[in-house]
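Reader: I am new to this structure and would like a close look at a single part of it, with some sense of its surroundings. Please take me through that part slowly, in one connected account.

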Amino acid sequence: MKKIWQWVKDHLLWFKIIFIASILFFVVNQLSRILQGMTWHKFMTLLQQQGAMSILSMMILGCVAATPMILYDVATTRLLKTKITTRSLLKEGWIINTINNLVGFGGVVGVTLRANRYMEKEKTKDAIADITKSTLFLLSGLSTLCLIMLGVIYLVPSEAMYRSYTLWLLLGSGYVVLLLLFVARSRKFFRDFSKRTLATFYLASLGQWTGALGIFLWIGYQITKETSIVQIAPLFVVATLIGMLTMVPGGMGTFDVLMILGLNSLGISKEIALMWLLFYRLFYYVIPFISGLILFTKETGTKINRLFAGLPSRFFSKVSHRFVSVILYGSGILMIILSAIPNLSAVSQVVNYIFPFSMHFFDQALNMIVGLLLIGLARGVNDQVKKAYRASLLLLIFCFINTVLATRSWQLMLFFVVTFLLLYLSRHQFYRERFVYSWSALLLDSTIFLFIFIFYGVIGYFTSNVQQGPTLKFWLFPSEKIWFQGLIGLLVAILILVALYHYLSSDVPFGEAYQEQYFLPLAKKYGCDRYQQLAYTGEYRHFYYQKENQIQVILTFFIRANRCILLSTPLGEEKYWKEAMEAFMTQADINDYQVVALFANQKFSLALHELGFKFMNIGEEGFAVAQKAKEKDLDFTEISKEEWVEEYPMLSSYLRKKVSDYPAPKDFWLKKEVLEQNTILAFGQKEARVGYAVITENEQYYSVLGIFTEQEEKEQTVEILQALEQIAQQKGKQLSLEFSPLANVGNSSYAFLEEKWIHVIYNFGNTMTNFEQQRQRLAPYVNEWHHRYLCYRGHQPFIFLLIQCFFRLGKK
């Protein structure tokens, strides 16, 4: 006997293989016979006859029928004394049970998942043992149903036909009796199980199988409208019991064959029986499984996202956002093309393939309006504007209601599901408060809209031509009336687009105006260079960075399209520059502006490089070095602001020879801030003044804002510069004269392409810019040149950036 038992143990794997193979052979053989006697056309007809509400009810009740299994997790957490919130328990229970329901392998998957989710590390051994014991209750509910069905077939005369299943029902019902006796007599084995826990496990099993029976009967009622509970229930219970004994996930195959044969014996056609089982598998197993898998993927993704500091989430959100932008652009363009050429899908294989996935309306004007709106919103979505997200969602819902419900196309439903999913995944990308058109975006959208109008006009011209051939008629509108409706739609869409862009943008200007109480204290403390002084003109915007309850840094900028172009360096405490720039960049980004720094010195450029900026030479600033002293220096005196205000009007009779090409209006020199912050020197005696100089001072050097001389001779200007240099040297500072735009940029053969463009503009655009003459005029007075830089972030069309800065460089 021992040898026989040992032989059986040694060949147990082969016995398992033979057992499973025999079951599969039986299933395949029976299914082949069933399918041979079916009419697939009739099956598809029955499938298409199911109403939307019927499908929806089966879907909802299928999920409801799976919820009692969560009691397994309630009992398990009580057994292991696991601390978990109700919300987490419901989520974890749904994930575990929907996966186990489909691929349970007799509850092995459920045991594994619960052990991983609920047990604590210090209780690993006991936890696995207790969870394994709980699997004894998995079939207790089914066994109870077997006992009930056994009573039904003997107490209800009409069910006597099922008495042939008595042996199976006795075997099935005996399990719960033996289990209860075992629990009563083996309390030591179940010492960790309280009576409440045991009862919960039993109720979970009973709820699981009762729910499965209930949804099966409901699906049958929706299909046949005359399902008999007393006829179907015993058949379902016996087929489920046999299917579970095979250990195949969900009893698939065995259960299906037995149910088709049993239903067919009750007079239900094989087509209806197959659809019945298909819906049962779909709504009780597959859809809950998909929802559980989605929750599991989301939870696992959250953990992975935390592990990698949020990078995966940002990546998928970014990718989804790009896809949404492309979908909106493509859908809008396709709608307009198909509206302009209605029969295009009949002659183009590509268009014919994507046509079922395209949105379209029966009204020609509405097609044009929605198409242009999609293109317009695509721009706002691409710029990550909050309002564009809400508007796109509303427009897509409108399209869904008007197209999907009208056509009932599964391709279009799939398209909308994917689009809504991508829009949801990209929701965190929408953070900007306003939309601002960049020149590149404006050029692209204008080109698209212009092409649409021209193309539609050409189509209208040929439509109105009465001498059309049959080929041309096929491409055009059936009548001028339909074309005219589309034209009205185009015009209305343009008006709506204007309103849309006004809605997405903002009338509130970015930044703040010049505020004397903030600017003057910092100007007195740190000094201003020639570009920071332009704040006094009132033509520029400002960003005031506050720290420790006071303004520490001021950034002066002007706006060109979607760019905030900073002038020179920040004014204020240097240690706060980086913080101020980060705060400014954040605010600019929220308002859809890109930050650029113009005339930045080397130190500030390197600081910006740490914030992700590129920088390149945009020109040179000239500094004067003291000339050889003359026998008699030119006399000069610092005049008061009252004297300057009195004498300035008389300068109109002077030849205003300005060495520094300072872009300031005429009244700039009389502004209170200019008079208070700068030094005004008069050269020569009061009765015979030969010139004036306005200079400003900061921590590093003096800057010459303007030199006004009476005569044109170069010698007189040199004398004034010599005197100014001596003043600067006495305080250990240099003297900055003027900025020479685009000079010495791109001279090297290894220069970047952008620098080569600048080199070409400097050398061959001289008739328009006069930059080269400006450099030649400045050269005699300069002994040192210091680079000034243009700092910008990557992925910006450089040609537009250069044009925007070019007008500022050439401003007089």
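**A nonpolar patch and its helices**

Author: Helix α4 and helix α11, the latter covering residues 195–224, each contribute at least two residues to a nonpolar patch, and this patch is the part I shall follow here, bearing in mind that the model is predicted. The patch lies on the surface and is formed by Met53, Leu56, Met59, Ile60, Leu61, Val64, Trp218 and Tyr221, which together have about 720 Å² of accessible area. Six of the patch residues come from α4, which is the largest share.

Two residues of α4 show how one helix can hold both covered and uncovered positions. Met53, one of the residues of the patch, sits in helix α4 and has a relative accessible area of 63%, so it counts as exposed, the cut-off being over 50%. Ser54 also belongs to helix α4, which spans residues 52–66, but its relative accessibility is 11%, and because buried means under 20%, Ser54 counts as buried. The side chain of Ser54 is in polar contact with the side chain of Gln222, at 2.9 Å.

For comparison, a residue in another helix can be set beside these two. Met413 lies in helix α20, which runs over residues 410–425, and it is partly exposed, because its relative accessible area of 36% falls between the cut-offs of 20% and 50%. Its C-alpha atom is separated by 9.4 Å from that of Thr403, a residue 10 positions away along the chain.

A strand gives a further point of reference. In β6, made up of residues 613–624, 10 of the 12 residues are buried, and the strand is mostly covered. Strand β6 is joined by 10 bridges to β12 (residues 784–793), and these two strands run antiparallel; within this pairing Met616 stands opposite Leu790 of β12. Strand β6 also pairs with β11 (residues 734–741), again in the antiparallel sense, over six bridges, and there Phe623 has Ser736 as its bridge partner.

The patch can finally be placed within the whole protein chain, whose secondary structure comprises 33 helices and 12 strands. Of its 812 residues, 49% count as buried, and the chain exposes about 41,400 Å², of which carbon and sulfur atoms supply 64%. Among contacts between residues at least 6 apart in sequence, 76% join residues at least 24 apart.

Notes
Residues are numbered from 1 along each chain as its sequence is written. This is a predicted model: local features need pLDDT of at least 70, side-chain atom pairs count only at pLDDT 80 or more; totals for chains, interfaces and linings use all residues. Side-chain values use heavy atoms; hydrogens and water are left out. Helices (H or I, at least four residues) and strands (E, at least two) are DSSP runs, numbered from the N terminus. Buried means under 20% relative accessible area, exposed over 50%, partly exposed in between (1.4 Å probe, protein chains only). A polar contact is a pair of N or O atoms within 3.5 Å; within protein, one must be able to donate a hydrogen and the other to accept it, and residues adjacent in sequence count only if both atoms are side-chain atoms. Contact means heavy atoms within 4.5 Å. Accessible areas come from the Shrake-Rupley method with a 1.4 Å probe; for residues, only the protein chains shown count as cover. Two strands pair if DSSP finds at least two bridges between them. Patches are made of residues with over 30% relative accessible area and no salt bridge: like charges are joined within 9 Å, nonpolar side chains (Val, Leu, Ile, Met, Phe, Trp, Tyr) within 5 Å. A salt bridge is a side-chain nitrogen of Lys or Arg within 4 Å of a carboxyl oxygen of Asp or Glu.
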